[in-house]
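Here are my notes on the voids in this model. Please read them with the structure open.

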Amino acid sequence: MLLLIKQVLDQRQLVEVQTLLKNAEFIDGKLSAGQEASAVKYNQELSPQSPLHRRLNAVVMGALVQNQQYQQAVLPLRVATAFYARYEVGMGYGFHVDDPVMGPMAGRYRSDVSTTVFLNDGSNYEGGELVIQTSFGEQRIKGNAGDAVVYPSSSWHKVADIQSGTRLVAVTWAQSMVKDPNQRELLYQLAQARQGLLEKLPQSEETAKVSTVYANLVRQWSEV
C-alpha cells in the first residue's frame, strides 16, 4: 500500500524542526548504508551524536506515531528512530530496496513499512522526488512540508537527483503487527469504513458488526 498522509506536522512543528536543523551537524549518509545501498546513496544525515535527536524525535516521531491514519495503515509493533536526511544539489539515492532486518543486535526489527516525512516544501527544490515502483507503475511523490508517505519497505524505490535547492526529510521504518501487506491493506480499508460508521451511525447494528469483524481480524492476523 502506498499512502500519502497530509499534514502530519503542523506549521508550528515545522518551524521548530527547520530551525533545529538549520545549523545542525550533518555527516555523509553512506556511513549508515548497507553494502548495496552505499553504492547508490548520496546524501547527508544528522550526526548520530547530535544532541538534537531527542527533541526532533519528540516532535516528528511523536506526531507520526500518534497520527490515526498512520496507526490504521501500519499497525505498528516497533517503530525505528528516524534518520534526518539532507539532499543538496547533485545528491540523490539510486534505486534500492530497504534492508529486511534493521537495528542493533539488542533491538532488531523486521522492516515492513517505510515512511518519509517531508520537512520542507517541495517548492524549495527541483528534483528530489521519491520514486516508487508499484504494480501500477512508477509513482513519483513530492509531498508538501509536514506530509508523510507510507510505502512497503520491500518496494524498489529511489530519490531523484536534486537539481536546485535543499530537500529535508525524516525517514523511519516499522515492523507491523500484521506481516502480510495484503492483510494490512484490507484492515486499513476496513478501519476507514469502521471510522465512518462510528461517526455517522455509532449505535447501529451494522457499525457493531463491522467493529467486531475488524477487531477479530486484527486478533487473528497479528503477531505480537
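How do the residues lining the largest pocket divide into nonpolar, polar and charged? The points below take that up, then turn to the other spaces. Keep in mind that this is a predicted model.

1. Composition of the largest pocket. Its lining divides into 19 nonpolar, 8 polar and 6 charged residues. That answers the opening question. The lining has 33 residues in total.

2. Volume and centre of the largest pocket. The volume is about 670 Å³. Five lining residues lie nearest the centre: Lys41, Tyr93, His96, Asp98 and Trp173. Start there when inspecting the site.

3. Elements around the largest pocket. Five elements give two or more residues to this lining: β6 (83–87), β7 (92–96), β8 (101–102), β15 (157–159) and β17 (167–176). Of these, β17 gives the most, with 4 residues.

4. The second largest pocket. About 230 Å³ of space lies here. Its lining includes Met1 and Leu2, along with Gln133, Thr134, Ser135 and Phe136. Also in the lining are Pro152, Ser154 and Ser155, and then Pro181, Asn182 and Glu185.

5. Make-up of the second largest pocket. The lining divides into 5 nonpolar, 6 polar and 1 charged. Two elements, β12 (130–134) and α4, each supply at least two lining residues. The larger giver is α4, with 3 residues.

6. The cavity. The structure holds 1 cavity of 30 Å³ or more. About 70 Å³ of space lies in the largest cavity. Its lining is formed by Met1, Ala73, Val113, Val150, Tyr151, Pro152, Pro181 and Arg184.

7. Make-up of the cavity lining. Here 7 residues are nonpolar, none is polar and 1 is charged. Both β14 (148–152) and α4 (181–200) supply at least two residues each. The most comes from β14, with 3 residues.

8. Overlap between the spaces. Met1, Pro152 and Pro181 line the largest cavity, and Met1, Pro152 and Pro181 also line the second largest pocket. The helix α4 recurs as well. It supplies at least two residues to the cavity lining, and it gives the most to the lining of the second largest pocket. View these two spaces together.

9. Which element gives the most to each lining? For the largest pocket, it is β17. For the second largest pocket, it is α4. For the largest cavity, it is β14.

Notes
Residues are numbered from 1 along each chain as its sequence is written. This is a predicted model: local features need pLDDT of at least 70, side-chain atom pairs count only at pLDDT 80 or more; totals for chains, interfaces and linings use all residues. Side-chain values use heavy atoms; hydrogens and water are left out. On a 1 Å grid over the protein atoms alone, a cavity is a set of points where a 1.4 Å probe fits but cannot get out, and a pocket is an open set with protein on both sides within 12 Å along at least five of seven lines; lining residues have an atom within 4 Å of a point. Grid points are joined across faces, edges and corners, and a volume is the space filled by probe spheres set on the points. Ala, Val, Leu, Ile, Met, Phe, Trp, Tyr, Cys and Pro count as nonpolar, Asp, Glu, Lys and Arg as charged, and the others, Gly among them, as polar.
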